[in-house]
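Reader: Can you walk me through this one? I'd like to start with the overall picture and then pick at details.

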Amino acid sequence: MEKTYNPQAIEDKWYQTWEKNGYFNAEQTVEGEESKEDGSRAERENFCIMIPPPNVTGRLHMGHAFQDTIMDAMIRYHRMKGENTLWQVGTDHAGIATQMVVERLINAEGKTRHDYGREKFTEKIWQWKEQSGNTITKQLRRMGASLDWSRERFTMDEGLSTAVTEVFVRLYEEGLIYRGKRLVNWDPVLHTAVSDLEVLSTEESGHMWHMRYPRSNGAGYVVVATTRPETLLGDCAVAINPSDERYSYLLGELLELPLTGRKIPVIADEHVDADFGSGCVKITPAHDFNDYLVWTRHKNKSEIRDLPRGGLINIFDHNAAIRDNEDDVNNIIPDAYIGMDRYAARKQIVADLEAAGLLEKVVDHKLVVPRGDRSNAVIEPYLTDQWYVKVGPLAKPAIEAVENGDIKFVPDNWKNTYFEWMNNIEDWCISRQIWWGHRIPAWYDELGNIYVGYDVDDVRKKNKLPDDFVLRQDEDVLDTWFSSALWPFSTLGWPEKTPELEKYYPTNVLVTGFDIIFFWVARMIMFGLKFMDDVPFREVYVHGLVRDSEGQKMSKSKGNVLDPIDIIDGIDLEALVDKRTSAVMQPHMVERIEKLTRKNFPDGIPAFGTDAMRFTFASLATTGRDVVFAPSRIEGYRNFCNKLWNATRYVLMQTEGKDTGLLTNGNDNTDVALSLADRWIISRLQHVEERIEQHNKNSRLDLIAQDLYAFVWEDYCDWYLELSKPILFNDATPENQQRGTRRTLVRVLETILRLNHPIIPFITEECWQYVAPLAGKTGDSIMIQPYPESDASKIDAKAEKELEWVKTFISGVRRIRSEMDIPPGKPLSLLLQNASDKDKLLYHENQAFIETLAKLAQSEWLDDDDEAPESATALVGEMKILIPLAGLIDKDAELARLEKEINKLQINVDKTTSKLLNKNFVDKAPAAVVDKERSRLAEMTKAVEQLEEQAAKIKKL
RNA sequence: AGGCGCGUAGCUCAGUUGGUUAGAGCGCUUCCUUGACAUGGAAGAGGUCGGUGGUUCGAAUCCACUCGUGCCUACCA
């Protein structure tokens, strides 16, 4: 094996090998598991995870890397457990995002998508997809993701498109999809409807205009306030609160709507808050969601019904400019404003009001502005024809599935978020006015009648329409989440009845961020229950959001994003600055981002390798909702990988070409003696295995990482490897003992590698290739080896206790050495006093361990009443370790040291004493707890006594 | 306004159904190139677990209130 750990040298190599050999694919078996006694294969559990499909033209960010690490660790674990695993891979077409990217490319040519036309433009997107589509898959491979590439899917591929059509047609036929004219969130830049979830509302400063609406009887005016004065053109009423007596006299009156020559009524509606503003609200039903609701409550009253368009007056075109009157009978829109952009119109209208003396005042006002998450344009409520899914009937069973435990959220309280949304759910607007996506399978005849079917021929057949009957397909496409919602079954071949569906649906766990519980999780549950009659997954594992080292959410616009590949391969500062600043649209941010980057990464990012990154993510996978990714953290786990690497090198040096307990026929040599250290590490290993199994059940990757880290570094490297040296470096050690230790070294290491493999696949594979044969393992890859399981018969409580004694002894000597400034290399002689027979036996049995690790020259036993020379003291239970001062040790320093230790103990002695004096405690606490306290107290009291005795002795000198 | 969460060592976080001497990584201090590893070894400092009150023999853990903080949802024109 190479002397230094170099992740670059091993990672690509192993990924290619794994993929080439088909280990990632479903149906892969674990070596040694295929043949049970009778030669048949045992019935296997299936374990399936669907990858949340990333945007096909995007790049993976740290959040994906985090998520993929979690999924891969789960999948590798279950694969090694012998289950039939499928990690379904694929991407989605990300309608608006992808269309925008390609439009930008076209804009650079000085053209728009309309210059290309729909067909040519979508061709262009397909080309772009081909060109950029493997960015994601390359990244996934670099991260070691063991995805089944043979089953890769794309939401726009033929099969998945078939599924989309099928779902649309069925829902339409059941009346669960309908077309309606409603207010939607309209993005006037992208010219499409967007869902509530795609609108981000932020507080911005603006103004509140107080406008005067004259009473038609000439007796003064009514003041209404608005943040959008241009919408006055679409007003249908002014509303007051029914119980607001200040204005009750106005009811039934008409007001002059300024600048329009129209008259509008005053109505009473509960929606109005009498205490806000003037208490009078203008009602613009075609441009405000609340006003629309007010209108629906009043639309049948004659004063509203008799207004143009029944009061529902649209004033904008699809650019949010003031529309033309062409299709109106009675010229609702004043000519002066036609064609003006909404903000130009606002300015003009305010000026005209002012000129007419109808502007009371303008005040600064903080308001919440809705913006499109893609375009950042201010969203307008806009009246359009759209397709909707009637969600109520679908939501009910979806809520029940979580209530009755068919689906479990992890951590559990995310279900509250889910219920919150599902209980207040509204119909889902699924049509988008863009070109990239699944075209809606609906056709119109010249009278506007709607026909829905699988394709145009189907429509003709079903409706007995002749071939020359003119039909025009709906121009719109479906929301991307519509196809994503089918992902858990469409990828498995639905609507065909495939063996895959039979096997893998419902999937086991969905791993996702809490930010898309609404977008995606809820919709998958609804559609899964509807079309598969079963939940899409049994468990939803919700992880946190990855933030930068300052706790900020990572985003391109903030310029604090990291590319997982740059963590793996490293990147120099200039390249990183370049990468971050070039992704930013607003030039004024560039400077700030550059400064931030130079501050946080003064030396760029070193190459940490995939394994170190993965271990870091694993350790960060706590139940919290924030995941703070600090470079120092990866460094620590890179060091862990290095530690494992070097431990392996040590083991190989001790075992390669030597007897590790294997006979030439491959069987175990039974003439093997195990040292205390051997028995101890084997016993400890069982505990770790058990804990890890428990953590896996609880999906606590962070705790797995923590246990693995501690076991490898502390138990195995710091103690066990050091304890193996006195045995192996001493030629006098009997052969069967050396054999025992070598065997334990390799076998425990081999197990450690398998335990770690799901988290750090590359380094474990590389090491395993060397270690496995020495441990008597055959097989081509660690990936398909069984995952270690705890064996209770190997737990050796006695060995654990005895080795604890040895450790205490060694640590005691080391502490004195360190605190007394005795060089670590200087061999010490010591005296042992107050020893029991047991102490003596333990010492003799473990003399080699103790003398080597504590660096001792010799030890001498004193009788209890022997006079000891002035010494520094440590305790092992009741036995005293005495290190004679003999010019080595400063008397005062030793006194101070003893005092400190006594004080520490005394505090606990006091605490425990008062506890035991409390009658209630002794009576009511479980006997075991009380006993424990009692023996603790005895131990500590004894220790204090001995230390005090020792202190007194030194003082006397 | 409603909902959810968080507040434990300088920093980032664990702490399973209330019962240890409250832990880890990074950082910090001292010493050490000992034949796996200086991406290392040994030893150590550092916390009244946000505050108050309660339940209990016993609270970081359960309850109430409170302060601070974050997110989500809905928002007053």
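Author: What follows is a short tour of the chain, its RNA and a few single residues. This is a predicted model, in which local features need pLDDT of at least 70, side-chain atom pairs count only at pLDDT 80 or more, and totals for chains, interfaces and linings use all residues. Residues are numbered from 1 along each chain as its sequence is written, chains are lettered from A and ligands numbered from 1 in the order in which they are written, and side-chain values use heavy atoms, with hydrogens and water left out.

Reader: How many helices and strands in chain A?

Author: Chain A has 32 helices and 28 strands. Those are DSSP runs numbered from the N terminus: helices are H or I with at least four residues, strands are E with at least two.

Reader: And what is the radius of gyration of chain A?

Author: Chain A has 38 Å, whereas a compact globule of 957 residues would have a value near 30 Å. The radius is taken over C-alpha atoms, and the globule rule is 2.2 Å times the number of residues to the power 0.38. Along the principal axes, the C-alpha atoms fill a box of roughly 120 × 70 × 60 Å.

Reader: What share of chain A is buried?

Author: 54% of the 957 residues. Buried means under 20% relative accessible area, exposed over 50%, and partly exposed in between, with a 1.4 Å probe and protein chains only. The accessible surface of chain A is about 42,800 Å², and carbon and sulfur atoms hold 48% of that. Areas come from the Shrake-Rupley method with a 1.4 Å probe, and for residues only the protein chains shown count as cover.

Reader: What about contacts in chain A between residues 24 or more positions apart?

Author: They make up 77% of the contacts with a separation of 6 or more. Contact means heavy atoms within 4.5 Å.

Reader: Now the RNA. How many residues surround strand B?

Author: There are 54, and the closest are Phe276, Asn290, Val368, Lys924 and Arg936. A residue is near the strand if one of its heavy atoms lies within 4 Å of it. By class, the surface near RNA strand B has 21 nonpolar, 16 polar and 17 charged residues. Here Ala, Val, Leu, Ile, Met, Phe, Trp, Tyr, Cys and Pro count as nonpolar, Asp, Glu, Lys and Arg as charged, and the others, Gly among them, as polar.

Reader: Which element gives the largest share of that surface?

Author: H22, with eleven residues. The elements that each supply at least two residues include strand S7 (221-226), strand S12 (359-372), helix H22 (631-655) and helix H24 (701-728).

Reader: Which part of the RNA is the protein near, backbone or bases?

Author: Of the RNA strand B atoms within 4 Å of the protein, 66% belong to sugar or phosphate and the rest to bases.

Reader: Which side chains have polar atoms by a phosphate oxygen?

Author: Asn639 is one of them, with a polar side-chain atom 3.0 Å from a phosphate oxygen of RNA strand B. For Trp713 the corresponding distance is 2.5 Å. Glu722 pairs with a base instead: an N or O atom of its side chain is 3.1 Å from a base nitrogen. A polar contact is a pair of N or O atoms within 3.5 Å; within protein, one must be able to donate a hydrogen and the other to accept it, and residues adjacent in sequence count only if both atoms are side-chain atoms.

Reader: Changing topic. Is Arg228 buried or exposed?

Author: Arg228 counts as buried because its relative accessibility is 18%. It sits in the loop between S7 and strand S8 (237-240). Leaving aside neighbours within four places in sequence, Arg228 contacts Lys282, His287, Asp288, Arg346, Glu380 and Pro381.

Reader: And Tyr15, buried or exposed?

Author: Tyr15 is buried, at 4% relative accessibility, and belongs to helix H1 (residues 7-20). Among the residues Tyr15 touches, not counting those up to four places away, are Phe24, Arg141, Trp149 and Phe762.

Reader: Where does Glu119 sit?

Author: Glu119 is in helix H5 (residues 118-132) and is exposed, with a relative accessible area of 62%.

Reader: Which peptide bonds are cis?

Author: Trp494 to Pro495 is one, with omega near 10°. Tyr505 to Pro506 is another, with omega near -5°. Pro495 lies in the loop between helix H15 (487-490) and helix H16 (499-504), and Pro506 in the loop between H16 and strand S21 (507-513).

Reader: What is the phi of His191?

Author: His191 has a positive phi of about 60°, although it is not a glycine. Lys855 also has a positive phi, about 55°, and is partly exposed at 41%.
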